[in-house]
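Please examine the sequence and the structure shown here. The paragraphs after them offer a guided reading for someone new to this protein.

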Amino acid sequence: TGGVRKLTSLRTDEEGNPTEAKFPNSSLSSVSRSHIITTKFEHHAVLNSCKQLEKEGFEVTYLDVGKDGVVNPKDVAKALRPETILVSIMYANNEIGTVQPIREIAKVIRIFKKNGGGKSLSLRTDEEGNPTERKFSSSVFPYFHTDACQAPGYLDINVERLGVDLMTINGSKIYGPKGIGLLYAKNGIKLEPLLYGGEQERKLRPGTENVPAIVGLAEALKIADQDREKESMRLVKLRDYFIGRLLGEIPKTVLNGHSAERLPNNINVSILDAEGESIVLYLDEAGVACSTGSACTSESLEPSHVILAIGKPHAYAHGAMRFSLGRSTTKKDIDYVMKVLPDIIKKLRMFSPVNIKINC
């Protein structure tokens, strides 16, 4: 979360109240609050960072997303303000797989800055602290960050074509080593470190570099890019086949997220009148791995914040299932799931105390 968490450092008075937001490479100073835009269905790595920044005096706008799980660029445009310093919107959602219009959002931000909307604001005060003057000056803000951890191997991650200033990638999502990630920062952006000590990694992260993991990540990215088009086409066919069978053969099953604007490897459905955790356990016994949401929240029994963010009720969130396809997945694997899953659902519904009416 380095691309989100430490773009700024907030200065406070003796009582801990924010007095100045200091921004590298800008003329912005003496601003009591600064503004960040994100969405309600981001990964918790971004959401929790934003919540912490709110405690430190920043104001955060959490945008709604459509029922199809796609952010409307017009909503981003409406939320932009002169004091907005950062927009952080994920490239593809980690739970429901919906792909966001990153290029269009980047265009909205460029137009905003070109038209002077991104000018910096300085407040001058009198001896008693009352504001006497608002002074604007040119600025590079807001920066645009995208969490692209789900994108490599399936989507174009060329930062120039996307128009982003900051981008984060996770090695384990692309068959690379675990515990290694990548933060792209556009030339000229100065970040402040989260940790202090040595001067490794451009003084941003102290400690001896994990060279094997770095090499592994680079190789994983190379392979993912080489196979992207062919593998994406193969998985889209399997994905749509799987979705068709789920919706057609298991009554009261609803697809979560856009039917087409989604990752090739992602299937997320709500199976009503059956508890998601129970489905996971029964499928695990049958040798099928799936989840009720993000792996990062696998120990939480709270309903998925992503499903709630797209307007689905709690009952839909509790019955949400995520199936992920990969390089080794075949049609035979999907047929096996559809052989065992209907009977599992029938068994669970026999003991279910609820009978949910479908309301999409």
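The account begins with the whole protein and then turns to one helix and one residue.

This is a predicted model. The protein contains eleven helices and 13 strands. Of its 360 residues, 47% are buried. Among contacts with a separation of 6 or more, 66% join residues that lie 24 or more positions apart. The accessible surface of the protein amounts to about 18800 Å², and carbon and sulfur atoms contribute 51% of that area.

Helix H11 covers residues 331–350 and therefore has 20 residues. From its first C-alpha to its last, H11 reaches 30 Å, which is close to the 28 Å expected at 1.5 Å a residue. The helix bends by about 25° at Val340, and a proline, Pro342, follows within four residues. Both Val340 and Pro342 belong to the buried residues of H11. Also buried in this helix are Ile334, Val337, Met338, Leu341, Ile344, Ile345 and Leu348. In an α-helix there are 3.6 residues a turn, so residues three or four places apart point the same way. The cover over the buried residues of H11 includes two helices, H7 (211–249) and H8 (276–285), together with the strands E12 (266–271) and E13 (320–324).

Elsewhere in the protein, Arg103 is found in helix H4, which spans residues 102–114. Is Arg103 buried, exposed or partly exposed? Its relative accessible area is 38%, so Arg103 is partly exposed. Beyond its neighbours within four places in sequence, Arg103 is in contact with Tyr91, Asp156, Arg161 and Leu162. Pro73 lies 30 residues from Arg103 along the chain, and the C-alpha atoms of these two residues are separated by 9.6 Å.

Terms used. Residues are numbered from 1 along each chain as its sequence is written. This is a predicted model: local features need pLDDT of at least 70, side-chain atom pairs count only at pLDDT 80 or more; totals for chains, interfaces and linings use all residues. Side-chain values use heavy atoms; hydrogens and water are left out. The expected span of a helix is 1.5 Å times one less than its number of residues. The bend at a residue is the angle between axes fitted to the seven residues ending there and the seven starting there. Buried means under 20% relative accessible area, exposed over 50%, partly exposed in between (1.4 Å probe, protein chains only). Contact means heavy atoms within 4.5 Å. Accessible areas come from the Shrake-Rupley method with a 1.4 Å probe; for residues, only the protein chains shown count as cover.
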